[in-house]
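Biologist: Please take a close look at one part of this model. I would like to understand the surface that faces the DNA.

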There are 2 protein chains.
Amino acid sequence: MTERKGKANLEDIARVTGVSKMTVSRVLRGVSGFSDDTRLRVTQAAVKMGYVPNRIAAAFSSDQASTLVGMCVPRLTSGLFGHVLDGVDRALSRLGYQVMIGSNNHDPEEEEAWVRQVVSWRPAGVILSGRTHTPGTVDLLRQAGMPVVEIWDLTTSPIDMSVGFSHYDCGSEIGQFLIRKGRRRAGYVGALSRSDVMGQARLQGFADALMRSGTPLVDREVLHDSPGFYPGYYGLETLLARRPDLDVVYFHNDEMAIGGLAYCQSRGIRVPEDLGIVGWGGMEAASVLPRRLTTTIVPTTTIGKVAAEALVARLRGEAGQDVTVVPTRLVPGETG
Amino acid sequence: MTERKGKANLEDIARVTGVSKMTVSRVLRGVSGFSDDTRLRVTQAAVKMGYVPNRIAAAFSSDQASTLVGMCVPRLTSGLFGHVLDGVDRALSRLGYQVMIGSNNHDPEEEEAWVRQVVSWRPAGVILSGRTHTPGTVDLLRQAGMPVVEIWDLTTSPIDMSVGFSHYDCGSEIGQFLIRKGRRRAGYVGALSRSDVMGQARLQGFADALMRSGTPLVDREVLHDSPGFYPGYYGLETLLARRPDLDVVYFHNDEMAIGGLAYCQSRGIRVPEDLGIVGWGGMEAASVLPRRLTTTIVPTTTIGKVAAEALVARLRGEAGQDVTVVPTRLVPGETG
DNA sequence: TTTCTTTACGTTACCGGTAAACCAACAACA
DNA sequence: TGTTGTTGGTTTACCGGTAACGTAAAGAAA
């Protein structure tokens, strides 16, 4: 009776139950229109035989049935994107979807390579990070005709949908804030200049805000390294060696800013009296420092959640907006 | 000529090229035994027609062809697992595999629910975190007969393969280290006691080592919260309120330890003179603190990479070891 | 009684690949 | 001259579901 082997299929269940394959399929999918008796016998047989549905076959036959969603982030090791991923995964897995991940290291070419792979799995939808894509990527996704959500960096002309905020505005807001606080000689320490267009947008917004106030950005130091603590530490050291007269430094992100704080502490530079330190991102560590870091908090989990929900709404044919702004929050802190 | 529509399939290419569908399939997969002329015509037609391979159909027909690998972690928001995921993804995507993620919040039941979903996609293999699984999980994976790698927490009797280290030994090693440093009254601050069996194992190893030296663990404070900075801060506060005479505290992980450090700083407790602070995990932030944290560094990326490679080796039928120990490293630091 | 509905299921065809087996033409060999 | 290989393909059957449509039987309506 226990005809296991882990390979029972609908037909096996049909044979055992004495109904047709189609009936088994429908009963197991919860389609209505069957007697309680049939329903019970089918479901019990399925359990007893250890039936494992074959989504490959299901997706193959109907292509409506794919529950795969692709999600590409710049770096899996980023704390911020870990939270975004968590928001996406929580929202999607609750609705029965599976998430395929990828990372592109801020490189649109790598992203295209990933999209090429993912599209061949005919997913229900795709979530990308950023608004910078190769023409090939856009083409592939357009041809595939599936929902696409671009997150993180807002764009007003998305491939399909967009959920995020403006990096330019983040930088601009910080710039204005620092001007109001009386800072006049600002510097910037960043990383990965070439490829991270979003970091560049923050810098641009920052520099433009300063410029408008008549106190342009004094100097910048951009390392070709991943934006971690050490690059922040050494980046600040290099920058201050060139420009000891800076009164505030804006960092690519909180990790780098914390590295900068460590440098100040090691050199006896008083923060914020001698030098202001400002980060971006809102990593949790930043809030338990002796002095709460001045930074911009980004609603990571929310962005993931909203993106996932927008995607599912579109799959269900519900109307939704194409562009969703998820606001960031400037935290004055005690270091700026 | 440009018969786009994004839905060209092998048969379309075959028709255009004047060969059979099978020839197209083999040429595109790089099977040898075709004339250069045929090969060229087929590949060119495929490019021109914007052919996107259908892996669903391929996996369906051959079930050897699945390039999907499932990977389940306790929490996507953990910095450590972000690095593990990165190691896995880098290694697998380079070899043409796609990673489906999931998280189980340290709950074996959630893991089983995830496994049930993933197995129905007939993946090439599965990577799980931890060694604690429900019987249902083990059954599903055994029945499916696919490679399974359990990572992070080493087990000598894996479902299939295991890559990791002993959490018990981590705790034990720290215990011995602190004894040698002259500590005699040790406490512990942890989180998520019920569900995180790996954290519990570290605590057990720690307590056992202390016990063997005749200076048993004095007290512990375990919060029912995620193991972040604030729980570390308040956990230490609570613990010290009960036991002001402790001379060292072992934390569930580095985040919590940093929270503990913040508490000490806020209360004027000198570290390590008045109180030793010890973490676990080796998060990057811990190494740029004014005082380098005493902790255990875990080779996160390596574990992911090794696990992925072990899985692929098994898929290719190469011999490999079932259990791979990836050693951790105790960092003496300046806070212990 | 006849016809119409509804309920509860069954039949058929097909999704797009791939494995396995088969085949035609030609060259080489003995 | 027949046999054997090699090259370069083709044919057939099938993977396990699902959409679309068909239908028998029972009850309701006319």
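Modeller: Start with the residues of the surface near DNA strand C: 10 are nonpolar, 11 polar and four charged. Here Ala, Val, Leu, Ile, Met, Phe, Trp, Tyr, Cys and Pro count as nonpolar, Asp, Glu, Lys and Arg as charged, and the others, Gly among them, as polar. The model is predicted, so local features need pLDDT of at least 70 and side-chain atom pairs pLDDT 80 or more, while totals for chains, interfaces and linings use all residues. Residues are numbered from 1 along each chain as its sequence is written, chains are lettered from A and ligands numbered from 1 in the order written, and side-chain values use heavy atoms, without hydrogens or water.

Take strand C further. It is surrounded by 25 residues, and the closest are A:Thr23, A:Arg26, A:Ser35, B:Ser25 and B:Ser61. A residue is near a strand if one of its heavy atoms lies within 4 Å of it. Of the strand C atoms that come within 4 Å of the protein, 51% belong to sugar and phosphate.

Now the polar contacts (pairs of N or O atoms within 3.5 Å; within protein, one must be able to donate a hydrogen and the other to accept it, and residues adjacent in sequence count only if both atoms are side-chain atoms). The side chain of A:Thr38 puts an N or O atom 2.6 Å from a phosphate oxygen of strand C. For the side chain of B:Tyr51, the distance to a phosphate oxygen of strand C is 3.0 Å. B:Lys21 reaches a base instead: a polar side-chain atom lies 2.6 Å from a base nitrogen of strand C.

Which elements build this surface? Two or more residues each come from α2 (21-28) and α4 (55-62) of chain A, and from α2 (21-28) and α4 (55-62) of chain B. Helices are DSSP runs of H or I with at least four residues, strands are E runs of at least two, and both are numbered from the N terminus. The largest share, five residues, comes from α4(B).

Turn to DNA strand D. It too has 25 residues around it, with A:Lys21, A:Ser25, A:Ser61, B:Ser20 and B:Thr23 the closest. Sugar or phosphate supplies 54% of its atoms within 4 Å of the protein, and bases the rest. Phosphate oxygens of strand D lie 2.7 Å from a polar side-chain atom of B:Ser35 and 3.1 Å from one of A:Arg29. On this strand, α4(A) gives the most to the surface, with five residues.
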